[in-house]
Amino acid sequence: MSAKTQPIVVIGGGGHAKVLIHLIERLPQFKLLGYVDPRDAGDVLGFSRLGGDDTLPTLAKQSGIAAAIGIGKVRAGRQRLDIVERLRKLGFQLPPLVATSAMVARGVKLAEAVVVMDGAVVQPGCAIGLASIVNTGAMLDHDCVLGADVHMGPRAVLSGNVTVGDGCMVGVGACVIQGIRISPDCTIGAGAAVARDCLDAGTYVGVPAERA
């Protein structure tokens, strides 16, 4: 099978899935088949529901089929990793997906099931962990490291050499200064400015950000 036409399905039919469908249909290497969701949301940007979760084993039998996780992340935690594990066991490929309008520097490391959305910028030396999301317009400066199942919200910004632990949620428009370490399972509130390491799991809000 040509890599230019790899079949792919989106898991989920809600808002995040809609954005992901819009991203995938502009990537010439994939042929989007539709979405899988227990709930029938009707046509989503012209793509139909293929069935519920019970259809996944049948779909997985197609040679070389890929899946994209269209279920978003609105809080800290590692909820999406259970979906990754199930899809892996069924035999789906989980390629990283980069929007055509995103800028990802040469040599950046993207793990399985990573999504980099429209207008995002990922600079040299960065590494993005399993199933993480770099959402619309988010920016990672040089040498930043995201763990597994991290969500960088729209317009969130990391300065250079920032490390974000597994399961974190960095809210809309939040910013983190250079060299900061954020422990796993932290939520950085929308618009927060992080100027000190976040050493304990929890929610950090304000300017400068403090643990709530």
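1. Which residues of β4 point one way and which the other, and are they buried or exposed? A66 and A68 point one way from β4, A67 and I69 point the other way, and all are buried. In a regular strand the side chains alternate between the two faces of the sheet. The model discussed in this note is predicted.

2. The partner of β4 is strand β1: the two pair in the parallel sense, over four bridges. Within this pair, I8 has A66 in β4 as its bridge partner. A66 is thus placed twice, as the bridge partner of I8 and as one of the buried residues of β4.

3. Helix α3 spans residues 79-90, and its buried residues are R80, V84 and L87. These buried residues lie on the same side of α3, because they cover an arc of only 70° around the axis. An α-helix has 3.6 residues a turn, so residues three or four places apart point the same way. The other side of α3 carries D82 and K89, which are exposed.

4. What do the buried residues of α3 pack against? Their contacts are with β1 (6-11), α1 (15-24), α2 (56-60), β4 (66-69) and β11 (133-134). The parallel pair β1 and β4 is therefore part of what the buried residues of α3 pack against. After α3 comes G91, with a positive phi near 105°.

5. The structure as a whole contains eight salt bridges. One of them joins R26 and D118, with the closest N and O atoms 2.8 Å apart. R26 sits in the loop between α1 and β2 (30-36), and D118 in the loop between β8 (115-116) and β9 (121-122), so this pair ties together parts that are 92 residues apart in sequence. R26 has a relative accessible area of 28% and is partly exposed.

6. A salt bridge also involves helix α3: D149 pairs with R80, and the closest N and O atoms are 3.6 Å apart. D149 belongs to the loop between β13 (145-146) and β14 (151-152) and R80 to helix α3, so parts 69 residues apart in sequence are tied together. Are the two partners buried or exposed? D149 is buried, at a relative accessible area of 0%, and R80 also counts as buried, at 1%.

7. The salt bridge between R196 and E210 has its closest N and O atoms 2.7 Å apart. R196 is in the loop between β21 (193-194) and β22 (202-205), while E210 is in strand β23 (residues 210-211), 14 residues apart. E210 counts as partly exposed, with a relative accessibility of 39%. Salt bridges with shared partners also join K73, R80 and D149 into one network.

8. Now the sheets. Eight strands make an open sheet with mixed pairing, in the order β5-β8-β11-β14-β17-β20-β22-β23. Its edge strands are β5 (97-98) and β23, each of which pairs on one side only. One strand of this sheet, β11, is among the elements that the buried residues of α3 pack against.

9. How do the strands at the β23 end of the order pair? Strand β20 (residues 186-188) runs parallel to β22 and is joined to it by three bridges, with I188 opposite Y204 in β22. The pairing of β22 with β23 is antiparallel, over two bridges. In β23, Y204 has R211 as its bridge partner, and V205 has E210. E210 thus serves as the bridge partner of V205 and as the salt-bridge partner of R196.

10. β22 and β23 form a hairpin, with four residues between the strands. G206 in the turn has a positive phi of about 100°.

11. A further open sheet has five strands in the order β7-β10-β13-β16-β19, and its pairing is parallel. Here the edge strands are β7 (109-110) and β19 (181-182), each pairing on one side only. Strand β10 (residues 127-128) and β13 run parallel and are joined by two bridges; the bridge partner of I128 in β13 is L146.

Methods
Residues numbered from 1 in each chain as written. Predicted model: local features only at pLDDT ≥ 70, side-chain atom pairs only at ≥ 80, totals over all residues. Heavy atoms only, no water. Buried < 20%, exposed > 50% of the residue type's maximum accessible area, 1.4 Å probe, protein only. Arc of directions from axis to C-beta. Contact = heavy atoms within 4.5 Å. Salt bridge = Lys/Arg side-chain N within 4 Å of Asp/Glu carboxyl O. Pairing = 2+ DSSP bridges.
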